[in-house]
Amino acid sequence: MINYTEKIPNNVDLGRDRVLQRALEHWQPAYMGWWYDMGPNESHNYEVYLRTAISVEPDGWAQFDYVKMPEYRWGIFLQPRDEKREVNFGIHKGQPAWQEVPGEYRSTLRRVIVTQGDTEPASVEQQRMLGTSCPSMYDLRNIFQVNVEEGRHLWAMVYLLHRYFGRDGREEAESLLARRSGDADNPRILGAFNEPTPDWLAFYMFTFFTDRDGKFQLCALAESGFDPLARTCRFMLTEEAHHMFVGETGVSRIIQRTCEVMKENKVEDPSDVRALGVIDLPTIQKYLNFHYSVTLDLYGSDVSSNAANYYTSGLKGRFRETKLEDDHVLRDAEYPVSEVVGGKIVTKNAPALTALNERLRDDYIVEIADGVGRWQRVIDNAGIPFRLTLPHKGFHRAIGNFAGHFISPDGEVLGEEAWKNHKFEWLPNPKDHAYVQSLMSGRVVEPGKFANWIAPPARGINNQPLNFEYVRFN
Ligand SMILES: [Fe+2]
Ligand SMILES: [Fe+2]
């Protein structure tokens with residue numbers, strides 16, 4: 001029997017909710033089984049300097065202390081309720097926000113929650129081996145922080161399934177622990193979450209690109225007319241910011257280190273750069289191309305009747321919906337969408353309602369471009385003439401209007417042959433992967449030490465020094 005308020009910090013009155021308690025009595029041990037199997041490899045006895053959310057108050061959501069990860073207090077938190085909140089878009093606009101699931105949207109809403117929930121344990125599975133090759137104790141602590149919080153995000157979605165979806169919800173909650181990233185028979189739902197994350201460059205790229213997709217999906221769901229979903233996602237966003245920070249600064253530190261070594265040794269040729277044990281800039285560009293394109297697919301088809309339905313029904317809004325100044329119904333509005341016609345990329349207006357995936361993707365691209373601009377400044381400040389670029393939106397896409405076409409990073413429509421000839425100039429090839437992998441031999445865990453291929457961060461976690469003992473091995 002679990003002591004709920006002690007073990008599971010929450011603001012949903014769990015101690016008095018018998019239905020929820022019963023559901024969790026079954027699910028919580030299964031979750032722990034999943035964590036022991038699929039959580040970070042060989043980490044169960046480590047004491048990690050982690051932040052834990054114990055309340056939604058400003059001083060309660062980031063409590064730092066040493067914790068063994070299996071003893072992490074995965075909590076259930078919703079942003080406090082605003083009694084006056086309304087459905088802010090779609091055909092129900094102006095009605096009070098729903099506190100229970102509207103019957104006619106039950107299965108759609110469940111699907112939306114399951115799809116979001118499935119990404120959370122997936123990324124933990126993708127990253128589970130990386131602790132054995134960490135470039136520092138600081139980075140090891142950061143990946144563990146990301147992992148436990150993705151675990152908590154799974155809890156957040158499972159709370160909704162248990163609390164609002166009865167038996168169907170309980171079954172879905174179990175399935176979330178049964179699917180496995182990359183498994184041929186029972187894979188995770190979305191493509192990018194079945195890709196391997198084989199090295200730390202991939203990890204930082206993933207947390208920069210793919211966790212940011214998570215942010216945008218959560219932002220859209222945080223607008224939902226179904227109030228418990230909106231409030232749950234709002235709180236998750238507070239944690240997501242750190243994941244993207246880990247990714248952006250991780251890549252930035254790799255670039256910085258590469259540039260330092262290039263300058264010190266006056267080398268530019270990638271093979272000379274590699275000989276010095278750092279990651280050459282063209283390889284970083286290829287990783288960027290890969291993670292960007294795979295993540296763009298997560299937004300779904302450019303033109304989608306599902307997206308229109310989610311919006312019209314009030315289930316999933318736009319990025320910053322309530323800050324936008326229009327009718328929030330989009331009956332006559334249009335939005336530009338690209339497609340390939342006769343070997344050329346053309347842009348046409350589509351009904352804005354059906355183009356909502358594309359719009360969210362475009363909102364995401366704006367933020368990504370800013371981040372890549374900040375990486376570029378590191379290169380510019382070193383005085384190295386190399387430009388990092390975002391490939392064309394149609395590059396290497398498997399979903400939507402560009403799927404099945406062969407688009408170069410510059411946006412040129414190619415034939416399949418031409419694509420194949422250039423593919424490995426644009427995407428990491430087996431040699432690139434092998435080189436990056438060769439840097440991942442063994443872990444660096446002496447406090448204050450960093451692997452040769454990455455610069456130290458500007459500052460430590462929670463104002464601790466860089467040589468702080470972020471992880472105690474037992
Ligand atoms: Fe997450
Ligand atoms: Fe995340």
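The protein chain exposes about 19,800 Å² in this predicted model, and carbon and sulfur atoms supply 47% of that area. Turning from the surface to what lies beneath, one finds that buried residues make up 57% of the 474 residues in the protein chain.

The fold behind these values is built from 13 helices and seven strands. The radius of gyration of the protein chain is 23 Å, close to the 23 Å that the globule rule gives for 474 residues, and the chain is therefore as compact as a globular protein of that length. Taken along the principal axes, the box that the C-alpha atoms fill is roughly 65 × 65 × 40 Å.

How the chain meets itself can be read from its contacts: among those between residues at least 6 apart in sequence, 71% join residues at least 24 apart. The charges can be described in a similar way, for the protein chain carries 54 positive and 66 negative charges, and the mean positions of these two groups are 2 Å apart.

A single residue may serve to bring this picture down to a smaller scale. Asn 142 lies in helix α4, which covers residues 137-164. Because buried means under 20% relative accessible area, Asn 142 counts as buried, with a relative accessibility of 2%. If its neighbours within four places in sequence are left aside, Asn 142 is in contact with His 242, Val 246 and Ile 461.

Terms used
Residues are numbered from 1 along each chain as its sequence is written. Chains are lettered from A and ligands numbered from 1 in the order in which they are written. This is a predicted model: local features need pLDDT of at least 70, side-chain atom pairs count only at pLDDT 80 or more; totals for chains, interfaces and linings use all residues. Side-chain values use heavy atoms; hydrogens and water are left out. Helices (H or I, at least four residues) and strands (E, at least two) are DSSP runs, numbered from the N terminus. The radius of gyration is taken over C-alpha atoms; the globule rule is 2.2 Å times the number of residues to the power 0.38. Buried means under 20% relative accessible area, exposed over 50%, partly exposed in between (1.4 Å probe, protein chains only). Contact means heavy atoms within 4.5 Å. Accessible areas come from the Shrake-Rupley method with a 1.4 Å probe; for residues, only the protein chains shown count as cover. Lys and Arg count as positive and Asp and Glu as negative; His and the chain ends are not counted. The place of a charge is taken as NZ of Lys, CZ of Arg, CG of Asp or CD of Glu.
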